[in-house]
Amino acid sequence: AAVAQFPQAPGLPAGAASLAQGLSESSAAFTQAAVVFANAERLQQQEDEKLDLAQAISRVEIGVQDEALALKAAGTDPDAYLFALGTKAQALMAETVKGLRYPGSASRFLTAMEPYLRGQALKARDEVFVMRQSRLEAGTDIEVDRNINIAVTAATPDERDAATRMALGL
């Protein structure tokens, strides 16, 4: 930036023009430093906002996974699993949005979480299917074991034959 040159004004001491020149140059340097500082501060805030967003996303992802494990460990009924996990995910989302240091980043957070939550919902549906299948298989295994016990302990040959056919699925 060009600094204005001050001519020697009549009646002023000889150093007044150079003093004015020095003040002008100092003012320009100060303004330039203020702009650099403002840019650095803005960049720091942007990076801090990115970090805040990444931490928030991580908190929700970990919370949803922890809840999924807890529900499975508790033997949650498959029909209740999807609802319980969805309820927990929504609560975590609401809590996390409130805790963002930069409230203006809430829309970016929600946009970033959408694909993750959609994927978790699909994964949870698959898990519900597997849970139901496991329960059916466990029930079938119990029924087969019961029929084998009946076949072994039946009082008559007809009861043994009937229980054996049931155990073999004939």
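**Exercise 1.** In this predicted model, determine which helix holds D145 and whether D145 counts as buried, partly exposed or exposed.

*Solution.* Step 1: D145 has its place in helix α3, which covers residues 106-153. Step 2: the relative accessibility of D145 is 46%. Step 3: buried requires a value under 20% and exposed a value over 50%, so D145 counts as partly exposed. Step 4: A167 stands 22 residues from D145 along the chain, and 7.4 Å separates their C-alpha atoms.

**Exercise 2.** Establish where S105 lies, whether S105 is buried or exposed, and which residues S105 touches beyond four places in sequence.

*Solution.* Step 1: the loop between α2 and α3 contains S105. Step 2: S105 counts as buried because its relative accessibility is 0%. Step 3: once residues up to four places away are excluded, S105 touches E49, L53 and L100.

**Exercise 3.** Identify the residues that touch the most other members of the largest nonpolar core, and list the contacts of V60 outside its sequence neighbourhood.

*Solution.* Step 1: this core has 20 residues, and the members sought are V60, V64, Y81, L85, F109 and M113. Step 2: at least two core residues come from each of α1 (16-73), α2 and α3. Step 3: with neighbours within four places set aside, V60 is in contact with L92, M93, T96, F109 and M113.

**Exercise 4.** State which elements have the lowest and the highest mean pLDDT.

*Solution.* Step 1: the chain has a mean pLDDT of 82, with 85% of its residues at 70 or more. Step 2: the lowest element mean, 79, belongs to helix α4 (residues 157-168), and the highest, 92, to helix α2 (residues 78-99). Step 3: predicted coordinates should not be read in detail where pLDDT is low.

Note on methods: Residues numbered from 1 in each chain as written. Predicted model: local features only at pLDDT ≥ 70, side-chain atom pairs only at ≥ 80, totals over all residues. Heavy atoms only, no water. Helix = DSSP H or I, 4+ residues; strand = E, 2+ residues; numbered from the N terminus. Buried < 20%, exposed > 50% of the residue type's maximum accessible area, 1.4 Å probe, protein only. pLDDT = per-residue confidence, 0-100. Core = buried A, V, L, I, M, F, W, Y, C linked by side-chain atoms within 4.5 Å. Contact = heavy atoms within 4.5 Å.
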